Amino acid sequence: MSDNDYQPAKVWTEKKDAGGTWGSINRPTAGPRSDVALPTGKHPLQLYSMGTPNGQKVTIMLEELLALNVNDAEYDAHLIRIGEGDQFKSGFVDINPNSKIPALLDVTTTPATRVFESGAILLYLAEKFGHFLPKDAAGRTEALNWLFWLQGSAPYLGGGFGHFYAYAPVKIEYAIDRFTMEAKRQLDVLDRQLAGHRYIAGEDYTIADIAIWPWYGALVRGMVYDAAEFLDAGAYKNVQRWADEIAQRPAVKRGRIVNRTFGDPSEQLHERHDASDFELKTEDKKAK
C-alpha cells in the first residue's frame, strides 16, 4: 500500500519496524526502562543534556552567566546520548518524567531543585542570577513573549520540517511542503521583528535570543538539517544579521559545543566539568 492509499485504523497499534533515525527508541509509553543512577559532579548546577538546539540553549546561557563572573553558575554537563536511550534511565526520568533533554539539577537547594524543559531552565537561571531578563514589566513581558513563541514554534521546525526533510525514512511531498511553509512563515515573523530591533525582544540581549538562536540562527547559517539553500535562508536578511552577530559571542561559541557528539571534532566537547575543558578536552585534542 502506498502512502497515498493509507487509511488510519480504528485503533492505532505500534509498528515495531517504523524505521527512521529515532524509530528504534520511540515508544508510545513513558517511564524508566532501566534502573540506572545519574552521575554527579562538584559544581552547584548539574546539567544532563546533549548538544542539540534545545541542549545548546542551556549551555549557552550558563556560559553567558560565567562570562559575567557569576561563579555560582558553575556547572557539570553530563552527556545524555539520546540515540542510545540514556533519557529513559531511571535517574534521568526522576529529573524529567518526560524523558527529554535538557534537564537541570540545582544542588544548592535542600532538597535539590529539578528543572526540566529548556524554556523553564532559561527562565529559572535568569531569575536566580538576575541576568538576561529585563527588570521592567514591559521588557520582561516582551522577552517572555518571544521565549514562549520559541517553545511553541520550534516543534514545527524540528519535529515537523526537520523530521520530514532530513530524517524520515521516506520523502513525503505533502509533509515536506506543509512544514516548509510553516518554517518559512516563522522565519518571516522573526525577520519582521528584527527589522526594527537589534535583538529579538528589543535592544538588549535576553533569554529570548539565547532560546531562539540555536534553532533559527543555526538554521539560516546552514548548521542544522543542511536546509539553508532549500529554505532560501539568504532572503531573511535581518535574521542573518542577528544570527551572525550572536554567533560571534565567545559564550555562544563555547556553549554550542558542550555535549556535542557530531560535526568537526574541534567542536565536540562531550562533557564539561571545568572551564579548561574547552582547551584540553575537545575530541580533536583527545585524539592526539
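**Note on salt bridges, the largest pocket and selected residues**

1. E63, E74, R254 and R272 are joined in a network of salt bridges. The model is a predicted one, and a search of the whole structure returns 15 salt bridges. The points below take up this network and two further pairs, then the largest pocket, and then three single residues.

2. Within the network, R272 and E63 form a salt bridge whose closest N and O atoms are 3.4 Å apart. R272 sits in the loop between α8 (250–255) and α9 (277–280), while E63 belongs to helix α1 (residues 53–67), so the pair ties together parts that are 209 residues apart in sequence. How accessible are the two partners? R272 has a relative accessible area of 1% and is therefore buried. E63 is buried as well, because its relative accessible area is 3%, and buried means under 20%.

3. E63 deserves a closer look. Its place is in helix α1. Apart from the salt bridge with R272, the side chain of E63 is joined to that of R254 by a polar contact of 2.9 Å. Which residues does E63 touch once neighbours within four places in sequence are set aside? They are Y75, A251, R254, G255, R272 and F278. Two of the names in that list, R254 and R272, are also members of the salt-bridge network.

4. A second pair is D244 and R221, which form a salt bridge with their closest N and O atoms 2.6 Å apart. D244 lies in helix α7 (residues 237–247) and R221 in the loop between α6 (207–220) and α7, so this bridge ties together parts that are 23 residues apart in sequence. D244 counts as partly exposed, at 34% relative accessibility. R221 is partly exposed too, with a relative accessible area of 34%.

5. A third pair is K281 and D277, whose side chains meet in a salt bridge at 3.9 Å, N to O. The cut-off for a salt bridge is within 4 Å, so the 3.9 Å of this pair satisfies it. Are the partners buried or partly exposed? K281 is partly exposed, with a relative accessible area of 45%, whereas D277 is buried, with a relative accessible area of 3%.

6. The largest pocket has a volume of about 1400 Å³. Its lining consists of 48 residues, and those nearest the centre of the pocket are W22, T52, N54, I82 and W215. By residue class, the lining divides into 22 nonpolar, 17 polar and nine charged.

7. Which helices supply at least two residues each to the lining of the largest pocket? They are α1, α4 (137–167) and α6. The helix that gives the most is α4, with nine residues. Helix α1 is also where E63 lies.

8. H78 is placed in strand β2 (residues 75–79). This residue counts as buried because its relative accessibility is 3%. A polar contact of 2.7 Å links the side chain of H78 to the side chain of Q46. With neighbours within four places in sequence left aside, H78 is in contact with P39, T40, G41, Q46, L47, Y48, S49, N259, E271 and H273. The polar partner Q46 is thus among these contacts of H78.

9. I25 is found in the segment before β1 (45–49). It is buried, with a relative accessible area of 10%. I25 and G83 are 58 residues apart in sequence, and their C-alpha atoms are 7.3 Å apart in space. Not counting residues up to four places away in sequence, I25 touches R33, I82, G83, Q87 and F88. One of these, I82, is also named among the lining residues nearest the centre of the largest pocket.

10. R241 is in helix α7, which is also the helix of D244. At 33% relative accessibility, R241 counts as partly exposed. The C-alpha atoms of R241 and L194 are separated by 8.9 Å, the two residues being 47 residues apart along the chain. What does R241 contact beyond its neighbours within four places in sequence? Its contacts there are L194, H197 and R198.

Technical notes
Residues are numbered from 1 along each chain as its sequence is written. This is a predicted model: local features need pLDDT of at least 70, side-chain atom pairs count only at pLDDT 80 or more; totals for chains, interfaces and linings use all residues. Side-chain values use heavy atoms; hydrogens and water are left out. Helices (H or I, at least four residues) and strands (E, at least two) are DSSP runs, numbered from the N terminus. Buried means under 20% relative accessible area, exposed over 50%, partly exposed in between (1.4 Å probe, protein chains only). A polar contact is a pair of N or O atoms within 3.5 Å; within protein, one must be able to donate a hydrogen and the other to accept it, and residues adjacent in sequence count only if both atoms are side-chain atoms. Contact means heavy atoms within 4.5 Å. On a 1 Å grid over the protein atoms alone, a cavity is a set of points where a 1.4 Å probe fits but cannot get out, and a pocket is an open set with protein on both sides within 12 Å along at least five of seven lines; lining residues have an atom within 4 Å of a point. Grid points are joined across faces, edges and corners, and a volume is the space filled by probe spheres set on the points. Ala, Val, Leu, Ile, Met, Phe, Trp, Tyr, Cys and Pro count as nonpolar, Asp, Glu, Lys and Arg as charged, and the others, Gly among them, as polar.
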